[in-house]
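Let's take a walk through this protein together, one stop at a time. Keep the picture at hand as you read.

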Amino acid sequence: MKKAYLSSFIVLAAMLTVQAQSHQKTIGKANMPLEIVQQEPTMAKSVTDLSDGFETYSDFSLLFSPWTLTDVDGSETYGITEVDFLNQYSPMAYIIFNPSATTPPQTDASILPHSGSKFAASFAATTPPNNDWLISPPLAAGTNTSVSFWVKSYTSQYGLERYKVGISTTNTDPGSFTIISGTTYLEAPTTWQQKTFDLNAYNGQTIYVGIQCV
């Protein structure tokens with residue numbers, strides 16, 4: 001098996017969730033980021049609550065609106081030995097991965113979703129390091145705002161996979177994000193781990209949540 005980084009951003013019912021108890025509605029501009037794979041509309045209405053289990057997107061898609069996918073490293077990626085799936089080895093930020101739809105189907109517990117049948121995965125760059133972003137649509141942070149998701153590494157054979165979490169109050173350009181997950185990267189364990197970040201510092205603002213594979 002070649003190195004693969006598998007990360008699913010899900011909470012409770014297989015979802016990445018951003019919650020704000022008040023229900024403000026604002027309008028936010030989304031500017032074009034660097035090396036964009038998929039961009040937001042020029043004007044996008046922000047939402048207060050976002051939950052996404054990645055179940056509704058096409059298998060092995062590299063584009064899944066309303067998310068912005070930004071592949072800063074631009075490198076080809078590793079795949080899985082003796083397994084075939086659409087877009088394998090392609091330069092990518094994240095891919096909608098469905099283990100049951102590969103050839104042959106994958107049934108090993110280490111590659112199964114936390115729940116549902118799919119997850120968003122960032123595969124290791126053949127020319128490291130990874131610099132891949134999964135960025136939310138604009139979100140209206142009201143009160144008691146937080147983001148929660150589940151994450152894991154496929155294997156620890158090459159070291160645990162690394163990621164950061166950032167917030168932008170302006171646009172989806174990776175350079176606009178302030179990292180809120182600490183002074184260094186976080187490591188994803190080989191079993192599913194739920195992570196929750198307090199976003200109350202951004203209450204009343206329009207924000208973008210970015211998860212960066214490094």
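F60 counts as buried, with a relative accessibility of 6%. Keep in mind that we're looking at a predicted model. You'll find F60 in the loop between β5 and β6, and its backbone does something worth a pause: phi is near 65°, a positive value in a residue other than glycine. Most residues other than glycine have a negative phi, and most peptide bonds are trans. Both halves of that rule have exceptions here.

Stay in that loop for a moment. P66 also belongs to the stretch between β5 (50–52) and β6 (68–71), and the peptide bond leading from S65 into P66 is cis, with omega near 15°. Farther along the chain there's another cis bond, joining P128 and P129, and omega is about 5° there. P129 sits in the loop between β8 (119–121) and β9 (132–135).

Another positive phi turns up at N144, where the angle is near 50°. N144 is in the loop between β10 (139–140) and β11 (146–151). Is N144 buried or partly exposed? Its relative accessible area is 45%, so N144 is partly exposed, whereas F60, at 6%, is buried.

The loop between β5 and β6 has one more thing to show. The structure holds one salt bridge, and its partners are the side chains of K118 and D59, with 3.0 Å from N to O. The pair ties together distant parts of the chain, since D59 is in the loop between β5 and β6 while K118 is in the loop between β7 (95–97) and β8, 59 residues apart. How covered are the two partners? K118 counts as buried, at 10% relative accessibility, while D59, at 28%, counts as partly exposed.

Now step back and look at the whole chain. There are 16 strands and zero helices. Of the 214 residues, 51% count as buried. If you take the contacts with a separation of 6 or more, 78% of them come from residues 24 or more positions apart. As for the outside, the accessible surface comes to about 9,300 Å², and 52% of that belongs to carbon and sulfur atoms.

What about the inside? In soluble globular proteins, nonpolar side chains tend to be buried together. In this model, the largest nonpolar core has 28 residues, and the ones with the most contacts inside it are F54, F64, W67, Y94, F149 and I207. Four strands each give two or more residues to this core: β11, β12 (161–168), β14 (186–188) and β16 (206–213). Which of the elements gives the most to this core? That's β16, with four residues. There is also a second, separate core of 13 residues, and I95, F97, I111 and A121 are among its members.

Let's follow β16, then. The strand is mostly covered, with eight of its eight residues buried. T206, Y208, G210 and Q212 point one way, while I207, V209, I211 and C213 point the other way, and all are buried. You've already met I207 as one of the residues with the most contacts inside the largest core.

Which strands does β16 pair with? β12 and β16 pair in the antiparallel sense over six bridges, with G166 standing opposite G210. β9 also pairs with β16 in the antiparallel sense, over four bridges, and here L134 has I211 as its bridge partner. Then there's β10, antiparallel to β16 over two bridges, where A140 stands opposite T206.

One last stop takes us to a loop residue and brings back β12. S181 lies in the loop between β13 (178–179) and β14, and a relative accessible area of 10% makes S181 buried. What does S181 touch? Leaving aside its neighbours within four places in sequence, S181 is in contact with K164, V165, L186 and F197. A polar atom of the S181 side chain also lies 3.0 Å from the backbone nitrogen of V165.

Terms used
Residues are numbered from 1 along each chain as its sequence is written. This is a predicted model: local features need pLDDT of at least 70, side-chain atom pairs count only at pLDDT 80 or more; totals for chains, interfaces and linings use all residues. Side-chain values use heavy atoms; hydrogens and water are left out. Buried means under 20% relative accessible area, exposed over 50%, partly exposed in between (1.4 Å probe, protein chains only). A salt bridge is a side-chain nitrogen of Lys or Arg within 4 Å of a carboxyl oxygen of Asp or Glu. A nonpolar core is a set of buried Ala, Val, Leu, Ile, Met, Phe, Trp, Tyr and Cys residues joined through side-chain atoms within 4.5 Å. Contact means heavy atoms within 4.5 Å. Accessible areas come from the Shrake-Rupley method with a 1.4 Å probe; for residues, only the protein chains shown count as cover. A polar contact is a pair of N or O atoms within 3.5 Å; within protein, one must be able to donate a hydrogen and the other to accept it, and residues adjacent in sequence count only if both atoms are side-chain atoms. Two strands pair if DSSP finds at least two bridges between them.
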